[in-house]
Structure formats: C-alpha cells, structure tokens
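Visitor: Please take a close look at the main nonpolar core of this chain and what surrounds it. I would like one connected account rather than a list.

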Amino acid sequence: MENRNLVNSIKLMVLRPFESRRSIKIIVIVFVLVMLCSYLAFKPGKAHLSYFTVVLDCGSTGTRVNVYEWLGNSTRDNGHPVLLNSFPDHSPNNSLHKDACLYHCMQTEPGLDKFVHNFTGLHSALEPLLHWAEQQIPSERHQDTSIFLLATAGLRRLPSHDAAWILENAEAIVRELPFMRRKTSIRILTGQEEAYYSWIALNYKMGTLNSSSSLSTLGVLDLGGSSLQVVMEIEELTDDQNSLQLKIDSVQHQILAYSLPRFGLNEAFERTIIMLSEETSLTESIDGRLQLRHPCLSLGFVLNHTCDGCYLPNISTSNNVIGQFQRNASTLFSLIGDSNWKQCKRIAKAAATHSNNFDWSRLTKGKNCKERSSSSNSTNSNLISAPHPVSRFHALSGFFAVYSMLDLNPRANLTKIWKKGEQICSGSWIDSKKISGNRKYADQFCFRVPYLASLLEDTLCLGDTEINFGPGDVSWTLGAALVEGEHKWLSNKEPQAGSYSLKLTEVIPYPISLFTVCLCFILIVYRDRLRQTSLLLVSVPGKKGASTGASLPSYFCPKRQLN
C-alpha cells in the first residue's frame with residue numbers, strides 16, 4: 001500500500017511539472033534561450049535587399065531610359081553595390097526599342113530639345129518611358145526607387161530660358177510617379193560630368209574601378225549624336241582645365257576628361273553639308289528647287305533637308321559677281337545621294353579634324369598628328385598633344401553602334417575598318433536591310449564608317465593604341481546611377497530604424513535553430529524529471545538507494561497491479 005502511494009505521488013509530480021519551482025526556472029531559461037536565438041537570427045544589420053535606380057538620358061537624338069537593380073551591401077572589398085540586373089536587355093521585343101538604338105537602350109524620338117513650349121510633345125516623349133520603367137520594378141518598391149532625368153548636349157545648346165522650361169515641365173511629369181527624387185535629380189549635365197560618368201561606368205563594369213594602380217584603369221571614347229567624350233586616367237594632375245582629381249573610396253584617381261561638343265555623329269554630318277555647300281554650292285533642279293549632292297549618300301537617295309548656315313550663291317548683290325556666297329540662317333533644299341568613296345573619305349576626315357566649317361578644303365593631305373597638333377588651324381590641338389598613358393581604350397555608344405555593323409572582331413585594327421568600309425560603300429547602292437532596319441541610319445552609314453576611323457586615327461591619334469569596341473551594354477547612365485544614387489547604397493550600409501534582416505552567413509537558418517531550442521527544452525525537462533524521481537525513491541522509508549540500472553516506473557503505461 002505504501003509503495004502504491006509512492007508511485008501515485010511520482011505520477012502526480014511528473015504529470016504536473018509546472019507546479020514546482022524548478023519548472024519555473026526551466027521555463028525562464030528556455031525563454032532566455034529563445035530570445036537569444038531570435039536576436040541572433042534577426043539581429044539588425046546589413047540588409048541584403050536589392051534596390052532600383054531609374055535614369056533617363058535626354059540626348060540630342062532621343063530620350064532613353066535605363067533601370068538598374070543593385071545589391072546594396074555586397075561582399076566586395078571595395079564596398080560598391082553589386083549590379084544585379086540592367087533593363088532593358090538586348091532583346092528588341094518591345095515597341096519602344098528603336099532600330100537606330102543599337103547600344104542597350106529603350107528610347108523615344110526626337111530629343112526633348114525639339115519640344116520647347118510643347119507640353120503635349122514632351123509628355124508623349126516621357127510618359128511611355130516612365131510607364132515602362134514602372135513595369136520593371138515591383139510596385140511595393142516604387143516609393144524607395146530613385147529616379148534621375150539627366151539631359152546632355154541637346155539641352156546644353158538651347159538658350160537657358162528654353163532649357164529651363166523643358167526641365168520644369170519634365171519635373172511636373174515625373175512628379176506624377178511615386179519614385180524618389182531630389183532637387184538635383186532633374187538637371188542638365190555638363191560635358192565633363194557626362195565624360196566622367198562614362199569612365200565610371202566602364203571601369204565599374206570591367207572591374208577596374210577600385211584598382212590601386214594608376215595605369216590599370218581603362219580609357220573611354222564615348223560618341224553620341226552631338227558630342228564626343230574622351231576620358232583617361234593620368235599619372236599626375238596638370239594645369240589643364242579638363243583634369244580633375246577623384247577619390248573613389250580610398251583610392252585617388254587623376255582624370256583627364258574632354259567633352260567635344262561638335263564631334264557627335266549627327267553634328268558632324270550636318271557640318272559636311274555646310275562644307276559641301278561652300279565648296280560646290282547648291283544647284284537648281286529642273287523644277288527650280290535647290291539641291292545638294294553628297295558623296296557619302298547612296299545613289300538614288302533623296303531627302304528634303306533644312307540646313308542652318310549653308311552657303312547659297314549670292315545672286316542678289318548689285319554687282320552680281322559669280323562665285324560669291326552668303327550664309328543663310330535656314331535653307332530648305334533636296335539632299336541628293338552621289339556615292340563616291342574617295343570624296344566621302346575626304347569630307348569625313350575634314351569633319352573629324354575641324355569643329356568649324358571654314359577653310360576645311362585647305363587640310364593638307366598626309367599631315368600627321370604631330371604636325372597638326374602644332375597647327376593653329378586645329379581646334380583639338382590640346383587633346384592631341386596630351387600624353388596617353390592609358391594603353392587600352394574602349395569605344396562606346398556611337399562607336400559601338402557603327403562598328404557592330406561591320407561584323408569585325410572587337411579588336412580589329414584601323415586598316416581593317418577602312419577596308420571593310422570601302423567594300424560596303426564603294427558600290428552604287430547600299431542594301432539598307434543588311435546594315436540596319438532604320439533607313440535613316442543606313443543612309444548615313446557610309447559617312448559614319450570613315451568618320452569613325454578618322455576620329456580615332458587623325459583626331460585622337462590613337463592608331464597605335466589598343467581599342468576595344470564595346471561592350472554594348474555600357475552607357476554613362478550606369479555611372480550616373482552609381483554616383484547619383486550613392487546616398488541610397490551608402491544609407492543601406494546602416495539599417496533603417498525598425499528594419500531587420502536575416503543574417504544567413506552568420507547564424508544557422510531559423511527553422512533549424514527553433515528545432516534545436518525545442519529539443520534542448522525537452523531534454524532539460526526530461527532530465528529534471530528523472531532527477532526528481534530518483535530523489536523520491538531514495539527518500540522512501542525502509543528502502544535503500546536505488547542501484548544503478550534499477551528499473552523506473554512507466555509514466556505513460558504503468559503496469560497493472562495484481563490484487
């Protein structure tokens with residue numbers, strides 16, 4: 001009877017563990033362990049969440065949009081955010097993808113500088129790009145996505161009051177979106193800023209941005225519609241106004257950044273028209289319309305063209321002297337194709353080595369870079385005379401767009417470029433389908449090939465320097481997103497108030513940690529119950545201490561006692 005009462009007492013204690021003081025201590029210990037594990041698993045720290053940046057490139061030929069997704073807290077030693085995705089990709093399966101936009105862009109045409117005091121046109125140029133950008137970003141991330149509308153040469157050449165009108169109304173359109181913006185998010189870039197961003201973009205993409213060697217970074221040649229940017233790192237700063245010192249993290253860089261405002265593809269072609277009007281003059285067709293023949297356009301090409309600053313025969317003077325010309329502010333005439341490879345090379349070289357339109361025909365044949373650098377006739381003498389410590393340049397944007405149509409190796413030399421251009425453009429006509437689906441681009445292709453080669457060989461004097469064309473997905477907008485969005489990825493280095501993230505690299509996953517805590521809890525409780533049971537058995541009157549290996553009562557299925 002006494003043993004039966006003892007067993008019942010043991011059962012009662014085991015089935016009611018929370019009535020003892022020791023059980024309370026166990027609960028407190030387990031609670032502390034759970035809190036500690038939760039703290040370690042969800043400790044405030046570096047949020048491994050991506051963020052987005054939207055950049056609109058408002059250029060002279062069109063407006064382009066790029067969306068970048070970043071990993072703000074990478075494991076890289078340089079501390080820069082990691083680029084996870086860049087939109088758009090190279091796929092043309094989108095209504096905004098233009099055939100002339102061959103270097104990783106989504107665009108509308110024409111440029112914003114054509115919409116002064118035309119809000120409807122401005123809205124139609126921006127709205128589809130902004131809507132497309134919204135679709136690339138999860139809706140819950142819109143409010144913490146930064147947007148930048150940055151204009152280049154197209155707006156730089158506008159009168160200040162017209163440019164201000166464009167920016168003010170563009171901001172009103174962007175304001176309709178939930179994206180983040182600052183006062184400086186919508187503005188006109190200087191030529192040097194554009195050049196600097198191109199250099200940042202390329203060297204970030206190629207992994208050379210944070211190198212400690214001053215000569216390990218890559219030089220940039222970025223050709224747009226209106227301007228040409230040339231950027232390289234130099235060994236030490238000079239008195240040149242185009243040189244600047246940059247500190248990227250802990251590394252100092254001495255940069256030489258040029259922006260040549262009249263050397264873009266479209267500006268250069270317009271310059272050849274003015275040059276031809278001065279040399280050959282405009283003639284009258286049978287129907288009395290003015291026309292001008294261009295040696296870089298294929299036979300059969302005809303286009304109504306408005307020229308600002310072309311030369312017309314001066315037939316209105318009282319002396320009526322033949323051969324004198326006058327410049328007109330705006331002239332409408334027919335541009336006629338008259339394919340001639342030699343003449344095309346000649347005028348393309350003149351456009352590449354002269355930013356103005358005067359005395360271009362006096363360009364001495366065979367003049368090399370050293371001779372021209374000392375000539376007062378050259379507008380780029382400072383650029384030519386500058387040392388080129390960079391042994392490797394990458395030619396981007398317009399360079400890449402033209403070169404990619406030649407189907408050459410990315411490292412092809414200038415001799416092959418000249419030869420391939422002659423093969424394509426020496427015929428009486430050009431198959432525009434083989435060059436580009438965009439007819440306007442194809443028509444000017446035979447000017448752009450010799451102009452590209454002449455820029456490299458005669459203007460920049462880089463004939464003996466290694467030049468890589470591309471990569472095609474690098475644009476100055478990438479550098480702008482990295483630099484302009486710096487406040488975003490720097491702020492991500494410190495957690496925002498109330499934000500927590502799982503540190504997967506420092507603790508075990510939460511389900512495993514929870515299972516471990518529960519297992520420890522069960523073992524602790526079971527061990528404590530065994531200990532209490534042993535003590536009770538020892539304290540029974542008339543019994544000796546339980547020997548090692550003695551059987552314990554079954555708690556869950558006790559044996560039935562016989563009467």
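**The core and its surroundings**

Guide: In this predicted model, the largest nonpolar core has 60 residues, and those with the most contacts inside it are Leu221, Leu228, Phe399, Ile417, Tyr451, Leu456 and Phe469. Helix 15, residues 445-459, gives the most to this core, with nine residues. A second, separate core has 32 residues, among them Val65, Met106, Leu122 and Ile147.

Leu228 is a useful place to start. Leaving aside neighbours within four places in sequence, Leu228 is in contact with Asp222, Leu223, Tyr258, Ser259, Leu260, Phe263, Gly264, Phe399, Leu455 and Leu460. One of these partners, Phe399, is itself listed with the most contacts inside the core.

Just before Leu228 in sequence is Ser227, which is touched by Glu194. Glu194 lies in helix 6, residues 191-205. With a relative accessible area of 7%, Glu194 counts as buried because the cut-off is under 20%. Besides Ser227, and not counting residues up to four places away in sequence, Glu194 touches Thr152, Arg156, Leu189, Gln229 and Trp476.

The sheet comes next. Six strands form an open sheet in the order 9-10-8-7-17-18, and the pairing is mixed. Strand 9 (243-248) and strand 18 (466-469) stand at the edges; each has a single partner strand, so one side of each is left without a neighbour in the sheet. On average, neighbouring strands of this sheet are turned by 25 degrees against each other, direction ignored. Strand 18 runs over residues 466-469, and Phe469 is among the core residues with the most contacts.

At the other edge, strand 9 pairs with strand 10, residues 251-260, in the antiparallel sense over six bridges. Within this pair, Gln245 stands opposite Gln254 in strand 10. Strand 10 covers residues 251-260, and Tyr258, Ser259 and Leu260 are among the contacts of Leu228.

Strand 17 holds a backbone detail. Ser397 lies in this strand, which spans residues 392-397. Although Ser397 is not a glycine, its phi is positive, about 55 degrees. Ser397 is also buried, at 7% relative accessibility. A positive phi of about 55 degrees recurs at Asp407, again not a glycine. Asp407 is found in the loop between helix 11 (398-403) and helix 12 (414-425). Here the setting is exposed, as Asp407 has a relative accessible area of 67%. Those two helices also bear on the core: helix 11 covers 398-403 and helix 12 covers 414-425, while Phe399 and Ile417 are among the residues with the most core contacts.

Helix 7 runs over residues 265-279. Its 15 residues reach 21 Å from the first C-alpha to the last, close to the 21 Å expected at 1.5 Å a residue. Helix 7 is mostly covered, with eleven of its 15 residues buried. The buried residues are Leu265, Glu267, Ala268, Phe269, Arg271, Thr272, Ile273, Ile274, Met275, Leu276 and Ser277. That list includes Glu267 and Arg271 alongside Leu265 and Phe269. After helix 7 comes Ser281, whose phi is positive, near 65 degrees.

Elsewhere in the chain there are two cis peptide bonds to note. One joins Phe87 and Pro88, with omega about 5 degrees, and Pro88 lies in the loop between strand 3 (82-87) and strand 4 (106-108). Another joins Glu109 and Pro110, with omega about -5 degrees. Pro110 has its place in the loop between strand 4 and helix 3 (119-136). Strand 4 covers 106-108, and Met106 belongs to the second core.

As for the chain as a whole, there are 18 helices and 18 strands. Of its 563 residues, 47% count as buried. Among contacts with a separation of 6 or more, residues 24 or more positions apart account for 71%.

Confidence sets a limit on this reading. The chain averages a pLDDT of 75, and 61% of the residues score at least 70. Over residues 376-382 the pLDDT is below 50, and this stretch has twelve contacts in the model beyond near neighbours in sequence. Residues 543-563 also have a pLDDT below 50, with eleven contacts beyond near neighbours in sequence. Where pLDDT is low, the predicted coordinates should not be read in detail.

Notes. Residues numbered from 1 in each chain as written. Predicted model: local features only at pLDDT ≥ 70, side-chain atom pairs only at ≥ 80, totals over all residues. Heavy atoms only, no water. Core = buried A, V, L, I, M, F, W, Y, C linked by side-chain atoms within 4.5 Å. Buried < 20%, exposed > 50% of the residue type's maximum accessible area, 1.4 Å probe, protein only. Helix = DSSP H or I, 4+ residues; strand = E, 2+ residues; numbered from the N terminus. Contact = heavy atoms within 4.5 Å. pLDDT = per-residue confidence, 0-100. Pairing = 2+ DSSP bridges. Axes fitted to C-alpha atoms, helices over the stretch in contact; angles between N-to-C directions. Expected span 1.5 Å × (residues − 1).
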